[in-house]
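User: Please take a close look at one part of this model, the packing of paired helices, and then set it beside the other local features that can be described.

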Amino acid sequence: MKKVLLLLTPVLAFLWAFSPTLSFKISGKITDAQGNGLGGVTVKIKGASTATTSVSDGTYNIEAPNEKGELVFSSVGYQVKTEKINSRSVINVVLKASEQLLQEVVVTGLGVQTRKSVTANVSSVRADSYNYTPYTVADEKKPVYERLEEDKDDFNTEGYDYITENRFLKVSDNPLSTFSIDVDAASYSNVRRFLNMGQMPPAGAVRIEEMINYFHYEYPAPKEDQPFSVTTEISDCPWNKDNKLVLVGLQGRKIPTDNLPASNLVFLIDVSGSMQEPQKLPLVQASLKMLTDQLREKDHVAMVVYAGAAGLVLPSTNGNEKTKIKDAIDKLEAGGSTAGGAGIKLAYKTAKESFIKGGNNRVILCTDGDFNVGASSDDDMERLIEEERKSGVFLTILGYGMGNYKDSKMQKLADKGNGNHAYIDGISEAKKVLVNEFGGTMFTIAKDVKLQVEFNPVKVKGYRLLGYENRMLNKEDFNNDKNDAGDMGSGHTVTALYEVIPVGVESNLLESVDPLKYQSPKKEIANASHNGEIMNIKLRYKQPDADVSRLLEHPVFDNQAAIAKTSDNFRFAAAVAQFGMLLRNSEFKSNSSFSNVLKLAKNAKGNDEEGYRSEFIRLVESAQSLATNNKNEPAEDVSVVNNN
């Protein structure tokens, strides 16, 4: 018997050594010094590739290989914290704000610069006295969580376009308002990032239409033969009692996932040195693995990466081969310069080689937008995208990171590429965009969607469109099918708000010019049958594979309701628009206030299952606190310089 045991001992030892390791599950909550839950915090197993991100209330779950080791907690605006596991299944942590990361942002016509306050008793110095220090070979060998603490004072080169707000226009001079729809929501999640860091966002980062359209609204479903429905509401303007507010809402047809056409996707991933931080490439990898889980047998995905050069790391692969796809994602590492143009060319080439007629052919670009090798200027990249979109391949841009985030460049590329743009500030946002809104993000139901609103001069003296500044079109563009416009995805909602000055109201919001010498005065409308209408809405759109547009028309009658009687859609959209004006310190904010925003939003939460509207309320409260503590209006925290 002893001999048998002696013979079995080495065998048992061998089997034990190579038996699968049981994982150790850990959960907890991450808060700031005031006890507020922190979402978007990266939680990483030190020395391993395993990582996760806390959700909006600060809770997280992660699996460690064993009961030992260490967890590393990192988030922009906070000091990195390391905790030993020590067999604990629940680990709650408090992150301290990083004094050095609180910065003064200066918005210019070309980008954002940062003046850094080194200590509390040292005055700010000029931003141009700081030079960006590139990663060295030694830096790239360090773990991400060590570099984060060292690199957080690098020169900030974030880029935002200067926004010239839409003004009030006289109906007698400008009866038509023409613009392209915008389903992008990148601005809201980027604004959220700034506020979560304890900073007011730069005015150029606040695009009111994207903030409004971040949220879903309960509009009626379209008729079977139409890609979208049109809904309108009218009430008093919450921030100017003399004016009216008109809501125009579109609801896209929602196609069940099983009925969506086959997808031919190309993941185009920036793996340059600027993508090394936890909120960049590691978050990209986590995002794309979630998207991979949504793929079906009839879908295919390829993967192209670019740094100093571009390369194909995964040929077109069946959506059922999820392990193979995820393995390719896990092997990605960052380092080198950024040849974005070469990457885009290869991605489109790969997409065209596996093109599915009648399917969803799309390049998904994941980047911070910091292109610096080859074709990299805005003009170069726009021309490249405009040429490539003729192939019928659509473009989705997912923006990541901070410090060198090129918002302006990614906006332009998405607009030119028949695509959409989202900013991913954490794993919960990745889930929203790539899982919860999978159909809307990935599947286009109508392209080149334009709106043209004609105002009735009997009812309306003047008007202003809130937001959509970079989507405005000439009135002649509406009927020109050669002009590009925004696309609408499955189940998407689009909302636009007009502030209207009624006839008979004296307003200093309307600017005038001297009487014209050679023009005769315009006659008032003669047909009294139209007097019940306040405006008429025309829409043009194309089917995803068509070149000729179709026309829809929707008259709007002057059926005004008291603000308390309006829908949750109306009141919440009005709250978000008002918040955007406060963040921008808009000259048209009139009597807007954070208190008014909170009152509207709290009474319009509706069925907030995913908590997005509750999160908005928390962000408004944070902004209100920041504005009170700084004793300044929001936009006075930034200096706006137009370099044009």
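Analyst: The following account begins with the helix pairs and then turns to a sheet and to a single strand residue. The model is a predicted one.

Helix H13 covers residues 568-584 and helix H14 covers residues 594-602. Their axes approach within 8 Å and cross at roughly 160°. Because angles over 145 degrees count as roughly antiparallel, H13 is described as roughly antiparallel to H14. The crossing of H13 past H14 is left-handed. On the H13 side, the contact is formed by Arg571, Phe572, Ala574, Ala575, Gln578, Phe579 and Leu582. H14 contributes Phe594, Asn596, Val597, Leu600 and Ala601. By class, the residues of this contact comprise nine nonpolar, two polar and one charged.

A second helix pair can be described in the same terms. Helix H6 (residues 281-292) and helix H7 (residues 322-330) have axes that come within 10 Å and cross at roughly 170°. That angle makes H6 roughly antiparallel to H7. From H6, the residues in contact are Gln285, Leu288, Lys289 and Thr292. From H7, they are Lys322, Ile325, Lys326, Ile329 and Asp330. Here the contact residues divide into three nonpolar, two polar and four charged.

Attention now moves from helices to strands. Four strands form an open sheet in the order E3-E2-E5-E6, and their pairing is antiparallel. At the edges lie strand E3 (51-53) and strand E6 (81-84), each of which pairs on one side only. On average, and with direction ignored, neighbouring strands of this sheet are turned by 20° against each other. In general, the strands of a sheet pair through backbone hydrogen bonds, in either a parallel or an antiparallel manner. Strand E5, residues 70-74, is joined to E6 by four bridges, and the two run antiparallel. One bridge pairs Leu71 with Glu83 of E6.

The last feature is a single residue, Lys538, which belongs to strand E24 (residues 533-542). Its relative accessible area is 29%, and Lys538 is therefore partly exposed. Glu553 stands 15 residues from Lys538 along the chain, yet the C-alpha atoms of the two are separated by 4.5 Å. Leaving aside residues up to four places away in sequence, Lys538 touches Lys450, Leu451, Gln452, Phe478, Leu551, Leu552 and Glu553. Glu553 thus appears both in the C-alpha separation and among the residues that Lys538 touches.

Key: Residues numbered from 1 in each chain as written. Predicted model: local features only at pLDDT ≥ 70, side-chain atom pairs only at ≥ 80, totals over all residues. Heavy atoms only, no water. Pairing = 2+ DSSP bridges. Axes fitted to C-alpha atoms, helices over the stretch in contact; angles between N-to-C directions. Parallel < 35°, antiparallel > 145°, perpendicular 65-115°, else oblique. Contact = heavy atoms within 4.5 Å. Nonpolar A, V, L, I, M, F, W, Y, C, P; charged D, E, K, R; others polar. Left-handed = near helix turned anticlockwise from the far one by under 90°. Buried < 20%, exposed > 50% of the residue type's maximum accessible area, 1.4 Å probe, protein only.
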